[in-house]
Amino acid sequence: MTALVPFAERRIIDMAQILTKQIELPKFNLPEPYNNDVWDIMEWDYYKTASQTYKNCWIARSNVMGNKMDFSLCKNPVIREESKYFCYLLISDKKIVLGTFAEYTDRFKLLFSYVNDKSYGTVLDIDTNDYEGYIGQSHKIKTDNGSALIGNEIVSMKKRNRLISFLDALKRAIHKFIESSKPVFERDYWRIEDIKPDEIKKISGNKNLDFSQIRQPLLKKVTKEFIRFKLASITFDSAYAYLYSIKMFCQWLYEYDESINSFAEVNRDIIEDYFCFLRVESDSSQHMINVGILHLSVMFEYGLLGEDKRFPSVPIILSSDYAFKTERRAKFYTTDEIVGIFSVIHDLPKVYGKILLILHHCGMRISEVLHLQTDCLYFNGDVPYIKLYMYKTERNHSIPLNDITYRIISNEIARNKTKYPESKYVFLNQDGTIIKYSTFVRNVKTALVKHNVLGRDGKPLVFGTHRFRSTKATDLINLGEDAKKTADILGVSTLSALSYYATATQTSVNEHIQEYLRKESILINSIGKMDEFNLDDYENAIPLCNGWCCKPIDLGICDKINACLTCSQFRPSMKHLTSYRLQLSELESTLAVAEANGYTRIVEKCTAEKEALQNIINRLEKMLDEKKH
């Protein structure tokens, strides 16, 4: 008769049998003394060089482990090694202080007690929800954590107990270690530095191509192959957008029917259900919905053209499904909206207000402002300029500055050179680090919602940094600046691209119609009237395209190029009276643009030319009247 094995012993035997069947994890190869099961921290320099406060914290916290880090409390040998590796990372890589590390003793003690009653092969197998329930028996699962901006509302936030969130950090560390042993394109995280290092400077934020959220194994594999194929012809940012659209579909598909593990199982009915979800339940704009459907269509066409059996054998997405029927219109800020934005800067760090002013006055992209370097200023004559590298178009660009923007940038450079001499950037946080785009936008949005700043539609103002660029283009166009000059100021490569930024307001349309009619009137009224009057009688004068130069020949060649209107030797010609009138009209528009942007030198030049032109026109018109009578 076979002897009965006690339950506790039998459970240990069952766990050992399960563990032997697990795929072996890569060896961590930890150095001494981190490879030991018991870490006598108080004998390490890590403890000896710590402050007395941290030493006291360690003694108090680690008392339950005999003032050591005792991994032998974990009966699962795989999870024990994973825990040692994670602690090694905390100390050697993240370099956390002893007092913080002491807090991990509680977290590991609870984790060990939990896994000792389970048969998990690795921490990656742990069911987080089940572990949360285990912790909830004796601890609060969530605690208050201030407030945050969600949509257009500031709501109170809760955070998970660190005893639980710690498990997620442990899982990520182990997953990252396993991933690092795989070829780049087999990993779940593709870093830009590994696949397109030349595009790092173009990316705002810390973007990776993250496939881990696709829970269907075959769908994940196929998506990786497709994104890898697209990366040969598109930028990293574009690949990021493609992956976002595909992940959204895969996540919806999992909720729709988690048994579907191949795109070949997707039919037209399923696709139409997904489209319905996008248009009814998702918070995406119509444009973003169309982009997402287009991205899916491209992937399904990729499978269809390649005769890949993992995709449907017939087209299931039609071009009419993602027709971009809405006209792409520039979104600019009105004057009242700009005032509303600047009314909340007292709630933000001072540097934020300076960045907002640069965005407003220069029409730069936010990535260009945040990455401005301390050698960006220079002068061309009396006019200050800012030079920058445009990551999107991969070229250098210069923008003329008014007095306000020049002082802001130069003062910030001077301050940071003293306070943070090693930094090369103009705008920095209080600790000397570069300002992140996501943090900047989130903080500004929060301030706008907090103070109930409304847009032109009476709803909470939609804040976007790129709208300053559209506002600058719109202001220039509506002030009478020609399209090419506006495109040059913004650094737009083509005039067609300018249409995305600039919008003609109804007021400006009316003004320009009147201006057009006025110019037409000048031309029509002058037809046949100038030829009958020849009032020019300048002996030995040099003919010019718009008059006469009376400088004596024996004084040499004139070196004042294009300065005729304000030159004492210039003599106007009656036959050019119409040209003078038209030139004055254009000059008034240029002067308005220069005054609006604070271009002091241009204002001075245009004002002098305007006065000279008005005098010329008045004198010629008086002569014309006298001749008629």
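**Exercise 1. The whole chain**

What percentage of the 629 residues in the protein chain is buried? Then describe the rest of the chain in outline.

*Solution.*
Step 1. Start with the kind of model. The structure is predicted.
Step 2. Apply the cut-off. A residue is buried if its relative accessible area is under 20%. Buried residues make up 40% of the 629 residues.
Step 3. List the secondary structure. The protein chain has 23 helices and 12 strands.
Step 4. Look at the surface. The accessible surface comes to about 35800 Å². Carbon and sulfur atoms account for 52% of that area.
Step 5. Look at the contacts. Take those between residues at least 6 apart in sequence: 63% of them join residues at least 24 apart.

**Exercise 2. A three-stranded sheet**

Work out the strand order of the open sheet that contains β7, β8 and β9. Then explain why one side of β7 and of β9 is left without a neighbour in the sheet.

*Solution.*
Step 1. Read off the order. The sheet has 3 strands in the order β7-β8-β9, and the pairing is antiparallel.
Step 2. Find the edges. β7 and β9 (395–400) each have a single partner strand, so one side of each has no neighbour in the sheet.
Step 3. Add the twist. From one strand to the next, the twist averages 40 degrees.

**Exercise 3. Two hairpins**

Compare the two hairpins of this sheet. How many residues lie between β7 and β8, and how many between β8 and β9?

*Solution.*
Step 1. Take β7 and β8. These antiparallel strands are joined by 4 bridges. Asn-380 has Val-383 in β8 as its bridge partner.
Step 2. Inspect the turn. The hairpin has 2 residues between the strands. Gly-381 takes a positive phi near 70 degrees.
Step 3. Move on to β8 and β9. Here 6 bridges join the antiparallel strands.
Step 4. Match the partners. Tyr-385 has Pro-400 in β9 as its bridge partner. Ile-386 stands opposite Ile-399. Leu-388 stands opposite His-397.
Step 5. Inspect the second turn. This hairpin has 4 residues between its strands. Glu-394 in the turn has a positive phi of about 55 degrees.

**Exercise 4. The helix across the sheet**

Describe helix α16 (residues 403–419). Which elements do its buried residues pack against?

*Solution.*
Step 1. Check the length. α16 has 17 residues. From first C-alpha to last, α16 reaches 24 Å, close to the 24 Å expected at 1.5 Å a residue.
Step 2. Look at the N-terminal end. Asn-402 caps it. A side-chain oxygen of Asn-402 lies 3.2 Å from the backbone nitrogen of Ile-404.
Step 3. List the buried residues. They are Thr-405, Ile-408, Ile-409, Ser-410, Glu-412, Ile-413 and Asn-416.
Step 4. Recall a rule. An α-helix has 3.6 residues a turn, so residues three or four places apart point the same way. Use it to study the buried set in the 3D view.
Step 5. Name the packing partners. The buried residues of α16 pack against α14 (350–362), β7 (377–380) and β8 (383–390).
Step 6. Give the direction. α16 lies across β7 and β8 and runs at about 135 degrees to β7.

**Exercise 5. An enclosed helix**

Test the length of helix α5 (residues 98–115). Then say why α5 is described as largely enclosed.

*Solution.*
Step 1. Compare the spans. At 1.5 Å a residue, the 18 residues should span 26 Å. The end C-alpha atoms are 26 Å apart, which agrees.
Step 2. Count the buried residues. In α5, 13 of the 18 residues are buried, so the rest of the structure largely encloses this helix.

**Exercise 6. Three single residues**

Place Val-441, Glu-609 and Ser-297 in their helices. Is each one buried or exposed?

*Solution.*
Step 1. Val-441 lies in α17 (residues 437–450). Its relative accessibility is 10%, so Val-441 counts as buried. Leaving out residues up to four places away in sequence, Val-441 touches Phe-463 and Thr-465. Val-441 and Thr-465 are 24 residues apart along the chain, yet their C-alpha atoms are separated by 7.7 Å.
Step 2. Glu-609 belongs to α23 (residues 600–628). At 16% relative accessibility, Glu-609 also counts as buried. Cys-564 is 45 residues from Glu-609 in sequence and 9.4 Å away in space, C-alpha to C-alpha.
Step 3. Ser-297 sits in α12 (residues 286–305). With 2% relative accessibility, Ser-297 counts as buried. Beyond residues up to four places away in sequence, Ser-297 touches Ile-317 and Tyr-322.

Definitions and conventions:
Residues numbered from 1 in each chain as written. Predicted model: local features only at pLDDT ≥ 70, side-chain atom pairs only at ≥ 80, totals over all residues. Heavy atoms only, no water. Expected span 1.5 Å × (residues − 1). Buried < 20%, exposed > 50% of the residue type's maximum accessible area, 1.4 Å probe, protein only. Contact = heavy atoms within 4.5 Å. Polar contact = N/O pair within 3.5 Å; in protein donor to acceptor, adjacent residues only side chain to side chain. Pairing = 2+ DSSP bridges. Axes fitted to C-alpha atoms, helices over the stretch in contact; angles between N-to-C directions. Areas by Shrake-Rupley, 256 points an atom, 1.4 Å probe, with all protein chains shown as cover.
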